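Visitor: I would like a close look at a single part of this model, please. Could you show it to me first?

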Amino acid sequence: MAIIIVDNQSYPVDEKQNLLAACLGHGLNVPYFCWHPAMGSVGACRQCAVKQFKDDKDQSGRLVMSCMTPATNGTRISIDDPEAKAFRASVIEWLMVNHPHDCPVCDEGGECHLQDMTVMTGHVYRRSRFPKRTHRNQALGPFIRHEMNRCIQCYRCVRFYRDYAGGRDLNVFGAHDALYFGREQDGTLENEFSGNLVEVCPTGVFTDKTFFKHYTRKWDLQSAQSICPHCSLGCNTTVSERSGTLRRITNRFNSQVNGYFLCDRGRFGYEYVTSDHRIKRPRVRSGSDRTKPGTPEGVPKTLEFAADRLRQARGIVGIGSPRASLEANAALQALVGPQQFYQGIDESERRLLSTILNVLRTGSVPSASLHDAEQADAVLVLGPDLLNEAPRLALALLQSIRQQPMERVDELKIPQWDEAAVRNAVQNRRGPLFMAGHRQTWLHEYATDRYFAAPDDVARLGLAVAGIIGPDAPTISDIGSDVRDLAQRIAEALTHAQRPLIIAGTGSGSQATIEAAANVAWALHRQGKQTRLSFVLPEANSAGLALLGGGSLNDAFDAISEKKADTVIVLENDLYRRADRAKVDAFFDKAHTVMVLDSLEHRTTAYADVLFPAATGPESNGTFVNQEGRAQRFYQVFAQSGDIKESWRWLSDLARAISQDGESGSGVATWRNFDDAVSATAMVAPELARIREVAPSASFRLVGQKFPRQSERCSGRTSLLSHLTMHEPPPPVDQDSPMGFTMEGYRGPVPAPLIPQFWAPGWNSIQAVNTYQDEVGGPLRDEMPGVRLIEPVATNAPAWFTSIPRVFQPASRQWLLLPLSAVFGSDELSNRSPAIAERIAKPFLSLHPSDGARLNLENHSTIDLVLQGTTYSLAVHFEPSTPVGTGGLSLVPEVSGVRVPAWIDLFEAIKTERKRRAA
Amino acid sequence: MMSIWIYARNLVVGLWVVFKRTFTKPVTVQYPEERPYLPPRWRGRIVLTRDPDGEERCVACYLCSAACPVDCIALQAADNPEAHERRYPEFFRINFSRCIYCGMCEEACPTNAIQLIPDFEQSEYARRNLVYEKEDLLISGTGKYHDYNFYRVAGVRTCDKDKGQGANEFPPVDVRSLMP
C-alpha cells in the first residue's frame, strides 16, 4: 500500500498500479485512450498527462503520462494543474482535427469514449479550418462495421486483436498521419474474438453490425444481467432490449469469469430470440395423426387439454435439457417425480458428466474459473478443441502463456502494466502450454508442444504424464519413445509450475481423457502445487443438469418401449440432436401424448401434441451452472409477449391444472414466483442448497425501492405506444426479480447482478465499468460473481483411475469418426441468428492424407456419406493433423443428428464420390 | 363628509377611464377570420424538413427524443439499402397531446431536421388525432434553414457522395503509398 497525493489530497493506492489506474480507482477523472485495464499501458495517446511534483516545495513540476508512471509512495501529482489541463485539451484538439462530423449517424454516439473524453477535457469548438483526412472502409464480415475516418490512432484494436487475442488478419498499415487499421484486403475478420473490437475501440471505427440493423442509443435500452447460453463457460452478458425486440449483447464484467471480453458466438448469437421460428402461441393436436400440424389454442384450453391427458396417462416421462435453466428442469422433475425424470442427453454424455462430477466432488483438486485459467503458469489440454468448444477459455490460455515469462519481468523490476516494456523483456518467450487432441487450430501455434492423436492415445499421454509426476499414480509401460519424451517434457513443465492447469472435456466423447486429466491433476496436487482442473462441458447448464440427476435419454426410450409410461414431456430439447432419428421416431410413435415446451421450432416440436411457447433466456429468470460448477443467475430483460412464459411457469400452471379437482396443490403447483422456484430447486440436491445466495431475491429492496432496468434518460415513454393506445399503459409488473421494467426506482450503488448497464456521469461508454470497481481491473463493488457449488475435499490419497486404454489401432476398413465442434455451427441456439448463420462453414469430413489416398479420394472433393441411415453431402479436407485411422466430422446444423464418435466403414459409407468426379 | 368626496371622485375617474376607451381602436382580433402576427421563430407545431436536395433531413440520431422533457417523441432508426449508409427514421412519432412546445428537440437536432413552426392550431376532438406519424410531420421544404445539408459535412459515404467528396475533405488516403 502506498500513499499518493493528488491535488493536495492523500489517497491510499496499490503500488503495483500506475497512476492512471490508481486515480481512476478513486473516482478521479483522468482522460485516457490507449490504456486498457486488461491490456496495460503503452503511453501512445498522451491523453492522460498530469503534473508530477518532486515534493511539497516543488512549484513548477513536470508533465508525466499517468499511465506510464508507477504509483510509488509519496508521489505528488496534480490533475487540475492549468498546464496539465491545457496539454490534455490540446491533445484532444489534435485528435479531433481529422475526426469526422459523424456523431448523429455513428453507432458509437452516446456511448463513445472519445465523446466522453472530449467533454471531460473541455474541448468544445473546432478551431481547425483545414480539410479533413478521409479513408476508405473495408467490408469486415457479418459482425463488424468499419468506418476508418473516425480513427484516433490509439492502437487499441491491433493491441487487442493481435497481442491479446492472437488474431493475425487485422493490422496497422500506412505511415505518419495516414495510418490505417484494417485487413490487408476486404474480408471477414477471422478471429473468434473480433466482436470485442466494438468495445475496445474508443470511438466508432469498429461497430456492431447486428446492432446496426435495429439500432437504438444506449440510453434507450432496457438491460439486465444475463448468462451466455451458447457454451458451458457461463460468461456474463448485458442483454439489451427496446420496445419488445432484443437489440444487442455487450460484455458484462465479472472478475471471476469473463472479465472484459466475450467471444463472437456469445456476442452475436442473440438473434435467435427474434427468429421467425419462435413459437408464440400454444398449439394442440387433438387427433392422433401426427402428420397434421397442431392448431393454435388459448392458454386455458391448452392447459385443460394437457392436464386431461396427464390425468389419463399411464405414466409420464419427463425429459430435461442442458440448455434449460436449473429451475425449469427442477420444475419438470417435481412434476413427473425424480424416478420419471430423465436428463435428455445420451448415455455416453451422461456417463462423462457423472465422471466429471465425481472427479470434482471426491477429488482434491478444485475446478478452475476463467480467471484461474488466465493466472495458470503451465497448462495441459487433453482432448478438447478449446477454440471451438469453449472459445473464451482459449482466450484465457493465451494470457496464461504470459505468466511464466512474467517472472523474468518481475526480476527486471518492470511493472506488469508497462506493456511495451513487458513485451520487450518477454520477446518470444512463452509459458508452457501443451495441447493434445485430434484437431489443429490456430491456437496450436501458441503451444509449446502439440500432439495429435485419437482420444485413447491422448488419454495414454495424460496417464504417462501422471505416472511420471506421481510415483504412486498408475503409469503406462508400453509406450513409444517419442510419446514418452513428450510426457517427460510435459511432466517437467508442470512440476516446475506453481499454478498448473489441466483441461479435459466431453467433446471427444472419451472417458479415458477425463480420467487421465484427473490423475495428472491429483498427482500434481500431491506435489503441493496449486493445481486446477477445468472440464469443458457440452452446454450452458450441463453441470446443473448433472447435479439434478436422472437417467439418460436411452432410459427414457426404454421406459416408453417397455410401456411403463405413455406420455412424454420434453423440456426445451430437440431429441433429434441427441439420438438416432429412427430411435426418436419410434419413441414418439409409441408415446400416446407428446408435450413439448420450447422457444424455437425444430424437429421435436413438430411432433408435439401439446406445444407450449417457452421463454428464451433474455425473457426469463433462471440459474445456470457452468463448467466450473459456478451457479449464476440470469434475469429477465423484457416482459414476454403474448402467451410466452418461462418453462417452469408453464409446468407450475400445468401442475395446478392437474390438481384442480379436489386436493390442494403441492410441489411445483405451489410455485407462484421465481423465489418459490429457487427455494424449491435448492431443496432438490444438497449441492444446490446455495443457489439462493447467487443473487438478491425478488424481495430485495434498497430504501424500499425496486431497481430500474431502464436508464434515467430512457425516451419515448409517452409516444412509443401512442399509435396503439392513448392511455399510456403502466409498465409490466415484475414479481420475479427485484428489478422493474421502468425508469423508476433506486439509483445508486447496487449489488452487481442488479446493475442494468455500466454507466456513470461523464462515463457513457462501457469503460464506465472502472467506476464500479474499487480497484481498476479488480472485482466490482458488491460483486456477486456466482456461487461455486462444488468444492474439493481435503484428502491425501487420491482414488486413482486405473483403467488404461489400449493404443489406438487404425482398422483396415473401419474409421473412428470423431466430432469436430465448430464455434459457429455447433450451438443449437446461436445457429438461428442470421449473423452467425452466415459464418457457418459447409459440412466437411477431415481425413489424414494417407487415409484419403487409401479411400481413393481427392482433397476438396464432395462426397455423399451415409451415416446412421441418412445421407450427408460433405466436402473432404485432408488434414495432416487428423490422426491416421480416424475421420473428423464437422458438427454444423446439416449433420447435427449424427452420433459421434462412432466406427464407420468409409468404403461402404461413401457413395457417390467417384461418380461425381467422373461427371 | 370627506369620504363622500372621495367616493364621488373615484366614481368619476373610473367612468372616465371607461369612456376614454370608447374612442380607441379595440384590441380584440376576430379570430379565425383575422390572424395574429406570429414571428417566424414562434414555437408551434413541429415539422420534419428536407435538405436542399429534397431528401429527408432526419438521420434518426435519437437526440430529439432524448432531449424531450415529456418523452413524446419516439422513432426507430433504419438503414436504406439503396442510399448507402444513409440513415433515416423507419417511423417517427410525436404525441402532440403530450408536447409542451418547449423547442428542446429543435435545439438538440444536429441536422436542422426537426423545426417548430408558427402554427398552433392543433385542436382535435379525439386525442388519438394528435399522434403525428412521419407522414404527417414531413414537409417538402427546408423550413427555416435553407442551405444546411448534414451529409455534405459528415464523413460517411452515401449513395451520391463518395469518401473525400464532402465539404472540406481531402481525397481518401492511399494506404499503400509511402509518400510523405
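Visitor: How many bridges join β6(A) to strand β6 of chain B, and do they run parallel or antiparallel?

Guide: Happy to help! This is a predicted model, where local features need pLDDT of at least 70, side-chain atom pairs count only at pLDDT 80 or more, and totals for chains, interfaces and linings use all residues. Residues are numbered from 1 along each chain as its sequence is written, while chains are lettered from A and ligands numbered from 1 in the order in which they are written.

To your question: β6(A) and strand β6 (residues 169-172) of chain B run parallel, joined by 2 bridges. Strands here are DSSP runs (E, at least two residues; helices are H or I, at least four), numbered from the N terminus, and two of them pair if DSSP finds at least two bridges between them. Thr134(A) has Pro172(B) as its bridge partner in β6(B).

Around this pairing, 35 residues of chain A are in contact with 39 residues of chain B (C-beta atoms, placed from the backbone, within 7 Å). Strand β6 (residues 132-134) of chain A gives the most to chain A's side, with 3 residues. That side divides into 13 nonpolar, 13 polar and 9 charged residues (Ala, Val, Leu, Ile, Met, Phe, Trp, Tyr, Cys and Pro count as nonpolar, Asp, Glu, Lys and Arg as charged, and the others, Gly among them, as polar).

As for the partner chain, chain B has 5 helices and 6 strands, in the order α-β-α-β-β-α-β-β-α-α-β from the N terminus on. Its C-alpha trace spans about 105 × 45 × 30 Å along the principal axes.

Terms used. Contact = placed C-beta atoms within 7 Å.
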